[in-house]
Amino acid sequence: MKNLLFFALLFLGINLVAQDKYTISGSLTDGENGEGLIGASIKLVDQAKGTITNSYGFYSLTLPEGTYQIAYSYLGFATITKNIILDNNIKLNVELTESSTTFDEVVINGEASNKNVESLDMSKNELSINQIKGIPALMGEVDIIKAIQLLPGVQTIGEGGSGFFVRGGSADQNLILLDEANVYNASHLFGFFSVFNPDAVKNVELYKGGIPAQYGGRLASVLDIRMKDGNMKKFSADGGIGLISSRLTLSAPIKKDKGAFMISGRRTYADIFIPLANNPDLDGTKLFFYDANVKANYTLNDNNRIYISGYSGRDVLGISDQFRINWGNATGTLRWNHIFNDKLFLNSTIVYSNYNYFLGTPETANPDQTFTWKSNIKDYYLKEDFNYYLNPKNTIKFGLITAYHEISPGKINYFIDGVENELNTANTNSLEHAAYISNEQKISARFSAIYGLRYSHFQNIGAGTVYSYDENYKVKDTSYYKDGEVYQNYGGLEPRLGLKYTLDETSSVKASYNRTRQYIQLASNSTSSSPLDIWFSSSPNVKPQYADQVAIGYFKNIKDNTIETTAEIYYKKMNNTIDFKDNAQLLVNPYLEGELRIGTSNSYGLELMAKKNKGKWTGWLSYTYSRVFRDIPLVNDGKRYLANFDQPHNLSFVTSYEFSKRFNMSLNFVYNTGRAVSMPTGKYVYQGQSIPIYSERNSERLPDYHRLDLSATLKSKNYETKKFKGEWVFSIYNVYSRANAYSLNFVENADTGQTEAQMLYLFKLIPSVTYNFKF
């Protein structure tokens, strides 16, 4: 036993020989506004020891007594080197300032320049807000979701889709977080725009594999978006005026260097111009969406800091006095950062999330013709996340999460002959718990690992109604459960592993494995985004989905780390995959579970990327080859078929060129294989009606998708030194006016009786102009 303990301590880098060690800890912030710098580097000069800051800018580094030179760096900021005499524990907060770069050294803010090679992260992408804002956008609306759709391994259906598909996972298998709160529908205007106002966003991280143990609940990916904390130094404002929306963000200290707030808003204004049509039939018509973000933080003392943030966004569409539909998200997050000592950091979080929609007639409509349809999903989370900096070779993370889910799939009220009628699908309630632990360890100068374990547990709780089905999916029995009664339990382990071997200073190989579980999913048989999609939970009839993914990659930096290249291959096996029978009825169906068909699916692929962060030219080129297959025994006659988002080839090219300090141009080009669809191969006539005969499920394809976008940005004179800074952004979406197929409809020609395909496309060439400002 003693020998086992000895080797365990030795493996963790704990020296058994008495030696005085001390810890230097603190935070790294942006000297301009006090924002914490995430993933900033703290390294010993001329030594291979160091650490990085966590999600709140905190760091801790334990070293033997001595004198050290410590370099604090963050790409795009000037490196600061401190001479430290370490003979006791030191608390040192460091402010970094943006580099005074020359015109020839344009730098994109981000992490350490060699992080691509040295970090254990793989299958992970980070985008700075500056990069996202530089990408040409539809109608000038900078869009975070559209930006990540340009990354390798991320696929989309094209225009009209803010959903995304990662490594063979469906759109509902992505965990989308805004300040740790779930966002269940990230789209505005039926998918044309996303709900994230870039002016309010600080950091964007996408995990496609190698998912850290602190994340769970979804199979495919994690999109972690953090809002800005607020300017702790001075009042600041920025915003923009575009063709379809305007936005404004204000930030100021509550008390200088102690606390700050940020408030941000965005709204479209198409409805403002409707009265100009002078058409009485359009009176009362509404068409707009809005987003509102708020956040405040305050440092109570050296060891305690609190954050509170919230988001509310909504789409409103109304046609005169005949029809109304609106949908939106609301989130709230309360966080407390506590530093127990130089090595132990705690973040306690309370989260609220609500997605709901309304469909119906306005109150002014004829009472005998009114109806309302309401649905929502609510989450309440409590989280405890610890970071323990054991020593320079080991950083341990562990925590607990518990959540309460409340789903109301649909409630319809309608009138017939003055009598109100009601149609409901039963509400479902559930609890979800998790505990996790992981360790990031530097085993030798070349070899590092991150290994962890997560256990998740799911409980259905009453009141509830559960239907039992026979082999033909017909209801055979009904069970009723009282309020608070636990009537189903699921759970399991989710191991996580990442390995990195450094070949030399500029290259490394990495590998990862993760198991993920998902207990809540979306009932949708379409790839396009719809606000009326229904979320439903695992139950006695629906087992949780789980997936295993392995990946291996080669990472190489060239030209003094100015160009990062990556190559990854992956394989993913998904179990208890959910699909639907042909012509399934998903909306307001109390017997929804009888429409489901369960099986397995698998995906594999190759992802290549080259990214340039420095110089006049910046941007990236990425290519993905991927396949997604499903095996559902009672779908497609039991034969294997493609997922409807299977797109073998995806190519993205994103670049920006700085002609001068005032003027730059950006370009992006995308090419995707057309997505898989089912098409009619014949027809028969029954009682005078033509009935189509379809091919095997998803055995045909839409035409390939490709598009070129351009933008140009002109900044005001003396932009860098002026207090009020302005810029004009001119953009063209779909430069060569490609008619990309959104869908194919098949109609019968009245003259010939032949069935003809009609292609629906959404956008051709769209120019736009936006004026941005800040002061």
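# Walking through the strands, cores and rings

Let's start in the middle of the chain, where strand E33 and strand E36 (residues 545-558) run antiparallel and are joined by 12 bridges. Within this pairing, Ala 511 has Ile 552 in E36 as its bridge partner. Before going further, please keep in mind that this is a predicted model. E33, which covers residues 507-518, is a good place to begin, as confidence in the chain is highest there, with a mean pLDDT of 98.

Now look to the other neighbour of E33. Eight bridges connect E32 with E33, and these two strands are antiparallel as well. They make a hairpin, with two residues between them. Two pairs of residues help to fix the register: Leu 499 stands opposite Ala 511 in E33, and Arg 496 has Asn 514 in E33 as its bridge partner. Ala 511 is thus a handy landmark, with Leu 499 opposite and Ile 552 of E36 as a bridge partner.

From E32 you can step across once more. Strand E29 (residues 447-461) and strand E32 (residues 486-504) are antiparallel and joined by 15 bridges. Here Ile 450 stands opposite Gly 498 in E32.

Let's move towards the N-terminal side, to an open sheet of five strands. Its order is E9-E16-E17-E12-E13, and the pairing is mixed. Strand E9 (124-127) and strand E13 (181-182) stand at the edges with a single partner strand each, so each has one side left without a neighbour in the sheet. Further in, E16 and E17 run antiparallel and share six bridges. Along that pairing, Glu 205 stands opposite Asp 224 in E17.

Several of these strands also contribute to the largest nonpolar core, which has 42 residues; Phe 164, Phe 196, Val 204 and Leu 223 touch the most other members. At least two residues of this core come from each of helix H3 (129-133), helix H4 (144-148), strand E12 (174-178), strand E16 (201-207) and strand E17 (221-227). H4 supplies the largest share, four residues. Which residues does Leu 223 touch, not counting residues up to four places away in sequence? They are Ile 145, Ile 148, Phe 164, Leu 175, Ile 176, Leu 177, Val 204, Glu 205 and Leu 206. Apart from the largest core lies another one, of 26 residues, including Ile 520, Val 542, Ile 578 and Leu 596.

Aromatic rings offer another way to travel through the model. Searching the whole structure gives 31 aromatic pairs. One of them is formed by Tyr 56 and Tyr 307, a tilted pair with 5.5 Å centre to centre and 50° between the planes. Tyr 56 is in the loop between strand E3 (50-52) and strand E4 (58-64), while Tyr 307 is in strand E22 (residues 304-319), so this pair ties together parts that are 251 residues apart in sequence. Tyr 56 and Tyr 307 are both buried.

A second pair brings together Phe 58 and Tyr 389: their ring centres are 5.7 Å apart and their planes lie at 55°, so this pair is tilted. Phe 58 belongs to strand E4 and Tyr 389 to strand E25 (residues 371-391), so the pair links distant parts of the chain, 331 residues apart. Are these two rings buried or exposed? Phe 58 is buried, at a relative accessible area of 3%, and Tyr 389 is buried too, at 4%.

Elsewhere, one aromatic cluster is formed by Phe 235, Phe 724, Trp 728, Phe 730, Tyr 771, Phe 773 and Phe 775. Rings also meet charges in this model. The charged end of Arg 267 sits over the ring of Phe 288, 4.0 Å from its centre, and that of Lys 725 sits over the ring of Tyr 719, 5.5 Å from its centre.

One more stop is Asn 644, in the loop between strand E40 (641-642) and strand E41 (649-658). Asn 644 counts as partly exposed, with 22% relative accessibility. Its C-alpha atom is separated by 6.3 Å from that of Arg 675, which is 31 residues apart along the chain.

Finally, a word on confidence. The average pLDDT of the chain is 89, and 93% of the residues score at least 70. Confidence is lowest in helix H1 (residues 2-11), where the mean is 52. Over residues 101-112 pLDDT stays under 50, and for this stretch the model has 35 contacts beyond four places in sequence.

Technical notes. Residues are numbered from 1 along each chain as its sequence is written. This is a predicted model: local features need pLDDT of at least 70, side-chain atom pairs count only at pLDDT 80 or more; totals for chains, interfaces and linings use all residues. Side-chain values use heavy atoms; hydrogens and water are left out. A nonpolar core is a set of buried Ala, Val, Leu, Ile, Met, Phe, Trp, Tyr and Cys residues joined through side-chain atoms within 4.5 Å. Buried means under 20% relative accessible area, exposed over 50%, partly exposed in between (1.4 Å probe, protein chains only). Contact means heavy atoms within 4.5 Å. pLDDT is the predictor's confidence in each residue, from 0 to 100. Two strands pair if DSSP finds at least two bridges between them. Rings of Phe, Tyr and Trp (its six-membered ring) pair if their centres lie within 6.5 Å; planes under 30 degrees apart count as stacked, over 60 as edge-to-face and the rest as tilted. A charge sits over a ring if NZ of Lys or CZ of Arg is within 6 Å of the ring centre and within 35 degrees of the ring normal.
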